[in-house]
Amino acid sequence: MVTFVSTDWVSRHLADPSVLLVDPRTRMKHLAGHPQGAVSFPMSELFDDAGALRSEADLAAKLGTAGISSDKTLVLYDSPDGQKVAMVSWALTYLGASDVRVMSVFYECWVEEGRPVFYRQHRPEPAVFELAPRPEVRAVAEDVQANAAWRRLDVRSPEEYEGTSEADEVPGHIPDAVHLDWRELPGSDGNLLAPEADVNARLQDLGIGPDEPVVSYCRSGARASLAWLALTRAGRTGRLYDGSYRDWTERGLPVDTG
């Protein structure tokens with residue numbers, strides 16, 4: 001699973017050949033500054049032209065081209081609001097990366113601490129990403145339908161959940177889903193995520209017990225990946241429905257409103 005590390009830890013391991021920093025932000029953000037040796041792998045690379053997650057083989061090929069191998073310690077970081085690092089760290093975990101770590105504060109804290117910043121793009125040697133998928137961290141529509149014990153967590157805006165937003169062609173939410181606005185998940189003072197105790201308290205407020213499996217969704221997966229990351233750090237069993245509400249409604253599955 002994912003381990004969280006400090007800027008000190010990252011700084012100490014910059015020269016370690018077994019460690020690779022991965023920047024999931026846009027290429028423009030990457031070129032505007034990054035830690036030494038970081039490779040660019042924008043979150044957008046995960047998706048095809050229709051916005052769906054690429055096939056496992058395609059993802060492995062793209063990761064390898066970016067110099068990302070499954071046997072290295074992969075350290076990811078992000079700028080606010082953290083969706084990109086959450087989505088890419090989830091994808092790497094799902095595909096079978098052996099050691100995924102996430103910097104616990106945003107990249108801006110790295111800069112504020114006076115740590116070295118580089119601007120030239122690092123061009124790594126192509127690598128091989130060996131697939132070893134972990135289906136236990138992913139959910140598809142059939143899984144959500146078939147597993148009544150999974151708690152369905154909708155992390156979209158209140159308006160989207162209630163069906164009063166114009167963002168969705170079919171307004172509403174997946175039946176039996178409880179709502180947690182994704183904007184409650186990022187931390188303050190530069191921290192990537194809200195404290196674990198706060199996340200667990202909010203889940204308790206929603207009636208989700210500590211041992212209940214949770215499947216998170218939003219409209220197309222990115223916001224829900226932040227919930228998956230927060231659940232993981234809080235010691236919860238979480239799955240990401242990466243197709244999310246868009247996939248659900250495109251399949252003509254039932255929805256609730258209100």
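This passage describes the salt bridges and the largest pocket of a predicted model.

Residues are numbered from 1 along each chain as its sequence is written, and side-chain values use heavy atoms, with hydrogens and water left out. In this predicted model, local features need pLDDT of at least 70 and side-chain atom pairs count only at pLDDT 80 or more, while totals for chains, interfaces and linings use all residues.

Counting a salt bridge wherever a side-chain nitrogen of Lys or Arg lies within 4 Å of a carboxyl oxygen of Asp or Glu, the model holds 16 salt bridges. One of them pairs Glu160 with Arg223, with the closest N and O atoms 2.9 Å apart. Glu160 sits in helix H7 (residues 158-162) and Arg223 in helix H9 (residues 222-233), so this pair ties together parts that are 63 residues apart in sequence; helices here are DSSP runs (H or I) of at least four residues, numbered from the N terminus. Glu160 is buried, at 7% relative accessibility, and Arg223 is buried too, at 15% (buried means under 20% relative accessible area, exposed over 50%, partly exposed in between, with a 1.4 Å probe and protein chains only).

A further salt bridge joins Arg251 to Asp247, at 3.0 Å between the closest N and O atoms. Arg251 is partly exposed, with a relative accessible area of 45%, whereas Asp247 is buried at 19%.

Asp247 also leads to the largest pocket: among the 16 lining residues, Ala52, Leu53, Asp242, Gly243 and Asp247 lie nearest the centre (a pocket is an open set of points on a 1 Å grid over the protein atoms alone, where a 1.4 Å probe fits, with protein on both sides within 12 Å along at least five of seven lines; lining residues have an atom within 4 Å of a point). Helix H10 gives the largest share of this lining, three residues.

Methods:
Helices (H or I, at least four residues) and strands (E, at least two) are DSSP runs, numbered from the N terminus.
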